[in-house]
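Visitor: I should like to understand how the parts of this molecule are arranged. May we go through it step by step?

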Amino acid sequence: MQTDTEVITYLFDHLIRHHGLPVNVAADVLTAPEWDEIDRMDKEKKEYFTNLRAIYNGALVNGPFSVILGSNKGLLAINDRLKLRSLTAATKGDRAYFASEESAIRIICPEPEKVWSVSGADPVFVPLEIYEKEDDG
Amino acid sequence: MKRVYAKEELCLNCRLCEVYCKTSHSVSKDVLKANKYEVPAPISRVTVYGDNFSSAAVNCRHCDKPKCVQACITGAMTKDKKTGIVCVNEEKCIGCMTCLAVCPFGCIKTGKFALKCDLCQGEDEPACVKNCPNRAIVYIDLGGAK
Amino acid sequence: MINYIPRRFTVVRDRELCIDCGCCVRQCSNECHYFSDDGKTALVKSDHCVACHRCVDLCPTGALRIEKYICDYRDNANWTPAYQQEICRQAATGGTLLSAMGTPKPYPIYWDKILLNASQVTNPSIDPLREPMEIRTILGRKPEKLTVAQKGKSTTEMPPQVVLETPIMFSAMSFGSISLNAQKSLAMAAKNLGTLFNTGEGGLHPDLKEYTDCAVVQVASGRFGVHKDYLKNSRFVEIKIGQGAKPGIGGHLPGEKVNVEVSNARMIPEGSDAISPAPHHDIYSIEDLRQLIWSIKQATDNKKPVCVKIAAVHNVAAIASGCARAGADIIAIDGFRGGTGAAPTRIRDNVGIPIELALATADQRLRDEGIRSSVSLVAAGSFRCSADIVKAIALGADACYCASAPLIAMGCHMCQTCNTGKCNWGIATQRPELTKRLNPDMMHERVENLIHAWNHEIKEIMGGMGINSIDSLRGNRLMLRGLGLSEKELEILGIKHAGE
């Protein structure tokens, strides 16, 4: 593998296809929250993230990145753990928008209902309508 | 009040407390001069008794009702009302050593006048405590229990 | 009776500084200082000086120093003075030479030939004072993959795990080889640091009951003190197959150090040498090891991981693979530079391989066989600073065992005479007048300071590399480059040469 893009694509493919993880869980593997935060979570979430970080410790991604992954399941936006790159998300009705900056989104959609900066360890996954029944967003 | 307490189980019998007590009560305040060259030689107010198997540093207990103060015939030995430190007024002391005879701990030493622990004049940490290599002497307030 | 060998050291007293306080006289257990008849002058007799520096460090005026006693032999690159003197000692005693602490021989140290990367431009460094740096480490067998009901809800059955707040643990030092005060200092430090200490094969002293959650208990070939409660009172159990300083033979506690307490803890007569058998007499093959691992897991209700500690020897990669397949959750590999309380000199200096190479091959073999996630690897065998630890983790270690370093923090000066039981610092002795010199309330602070400092340095180095979690350093050989290593060494370590 020669580029960062190839590495991240490989990781997603491996986790989703070989390990059978849902897309948003695979996203958690790459940008897992910090232990400080995990220690403060409720029991179920704490167990989930602890197991996830223990098993997939080698798949944690370092360095600044802003990645949008599209598949037949939906659109995923993830940011590196330290939020070194900008990534903004917005929704209006049943549409979702991702861009580096809010201004870019407002050119296409002048009045979105919700606009937010994607958080470092909080990936945003927007499932395609047809698959909504199978996936829990 | 804070007093100096010795812990027998930690005492190394190194007697560095004596060395630094002499230094603290010398004119030069230098460990080499005080222990080797100064005349008259400074005297340590704390004494370590015992051997390598069992030892402890003994110094003035600054008793609540000091026998030495009671016994002093010139009123040179007093217990400071604020700090509780029992010490000798060198100008009044005539060196009769009655205090030495009545002290139940035997911690008064002879010299031109009576010599005894003065808790290093109320410094943060007396020299013996500061320089003990094993924290075998501590400076704490036990509420006058022992 | 003449001594065929000159003494090793001379104690030099500067008469201008000496105040004859006698501190040195009272402190030296090797009787190198004594008073003149009138009790006024301190004199020196250097015959048995071991250069432990107790007198030097305690002297209030700094009047003492230790010098190597240079008594020249004719130059001979082959028959060095050391070899000649060892022959004389054996001619006198007829016994095997015993030594303590890790081998001092000048074998190559690979840590000193490996360099670390730092981020420049292409990947930014991270400021460890501004961003959280994570060094939390989880040891134990990991399942192949996570199973979830949905995001946020894990349905994976995790085997027992051990969470450490630092990748540094304290390696095995038995009660007997070191004093109770020394072990207590390590236990207190381990508890405060969120890591573990190892009881070694001497059992867990009842005074350390409150530290069982931080204790790794060892099941060694002598099986000293091994019963159900011993196993239950621990964080995980370690089966000691071998030790880096003396691969192939068992533990050795000289009779001088077996006092009544040690005798009770190990259930052996006072004053007798405690020599553990070379093999475990119920482990004669890998299947027997599997059996023992499973018995221990049963005895601990499958709640604790089981670790197997092996010495780094020639086929360590295959042995590690075998241990992983036999059911070990953690494998500790002890390199040939590891310390010891007492070991035959020839075995200590000639048997085993460096941990750097052993770790790299074992990690690579487990990865090649696809079973790396089934065990955690712990490396041991002389870590002198935080940089050594970073390099070990990059070579594939999950955690590192340190023992000599915390001892040095507590006062050890590497005089290498632990086997005599006369340690002036109160560490490697059972004599009460010596063990009282080690105050656990003071010493645990020093050990904690050391590990805190190392933790901070590890975080700084990681930040420089642009990573903020130790998970991303583990096994990341691309962060290392060799310097002045041969093709073969680079190949075995699995790293490139600097400049590539």
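Guide: Domain bounds are taken from an automatic or database domain assignment. Please keep in mind that this is a predicted model.

Visitor: Into which domains is chain B divided?
Guide: The assignment splits chain B into two parts, and one of them is written as two stretches of sequence. These parts are domain 1 (1-59 + 117-137) and domain 2 (62-106).

Visitor: How many residues does each domain of chain B give to the contact between them?
Guide: The C-alpha centres of domain 1 and domain 2 of chain B lie 20 Å apart. On the side of domain 1 of chain B that touches domain 2 of chain B, there are three nonpolar, one polar and two charged residues. The contact takes six residues from domain 1 of chain B and six residues from domain 2 of chain B.

Visitor: How far apart are the centres of the two domains of chain C?
Guide: In chain C, the assignment gives domain 1 (9-95) and domain 2 (137-497). Nine residues of domain 1 of chain C and seven residues of domain 2 of chain C form the contact. Taken over C-alpha atoms, the centres of these domains of chain C are separated by 35 Å.

Visitor: Which chains share the most contacts?
Guide: Chain A and chain B are joined by no contact, and their closest C-alpha atoms lie 37 Å apart. Chain B does meet chain C, with 17 residues from chain B and 17 residues from chain C. Chain C gives 29 residues and chain A gives 27 residues to their own contact. Of the two pairs of chains in contact, the most contacts are shared by chains A and C.

Visitor: Which element gives the largest share of the side of chain B that touches chain C?
Guide: By class, this side of chain B has nine nonpolar, four polar and four charged residues. The elements of chain B that give two or more residues to it are α1 (16-24) and α2 (31-37). The largest share, four residues, comes from α2(B).

Visitor: Which strands of chain C each supply at least two residues of the side that touches chain A?
Guide: The residues on this side of chain C divide into nine nonpolar, eleven polar and nine charged. The strands of chain C that each supply at least two of them are β8 (148-150) and β9 (153-154).

Visitor: Are α1(A) and α2(A) roughly parallel, roughly perpendicular, roughly antiparallel or oblique?
Guide: The axes of α1 (residues 4-18) and α2 (residues 23-30) of chain A come within 9 Å and cross at roughly 130°. Angles from 65 to 115 degrees count as roughly perpendicular and those over 145 as roughly antiparallel. The crossing angle fits neither range, so α1(A) is, with respect to α2(A), oblique.

Visitor: Which residues make the contact between these two helices of chain A?
Guide: The crossing of α1(A) with α2(A) is right-handed. The residues of their contact divide into eight nonpolar, no polar and no charged. From α2(A) come A:Val23, A:Ala26, A:Val29 and A:Leu30, and from α1(A) come A:Leu11, A:Phe12, A:Leu15 and A:Ile16.

Visitor: Which are the edge strands of the sheet in chain A?
Guide: Three strands form this open sheet, in the order β4-β3-β5, with antiparallel pairing. β3(A) and β4(A) pair over five bridges, and A:Ala89 has A:Phe98 in β4(A) as its bridge partner. An edge strand pairs on one side only, and in this sheet of chain A the edge strands are β4 (95-99) and β5 (114-117).

Key: Residues are numbered from 1 along each chain as its sequence is written. Chains are lettered from A and ligands numbered from 1 in the order in which they are written. This is a predicted model: local features need pLDDT of at least 70, side-chain atom pairs count only at pLDDT 80 or more; totals for chains, interfaces and linings use all residues. Ala, Val, Leu, Ile, Met, Phe, Trp, Tyr, Cys and Pro count as nonpolar, Asp, Glu, Lys and Arg as charged, and the others, Gly among them, as polar. Two strands pair if DSSP finds at least two bridges between them. Axes are lines fitted to C-alpha atoms, for helices over the stretch in contact, and angles run from 0 to 180 degrees between N-to-C directions. Angles under 35 degrees count as roughly parallel, over 145 as roughly antiparallel, 65 to 115 as roughly perpendicular and the rest as oblique. A crossing is left-handed if the near helix is turned anticlockwise from the far one by less than a right angle, and right-handed if clockwise.
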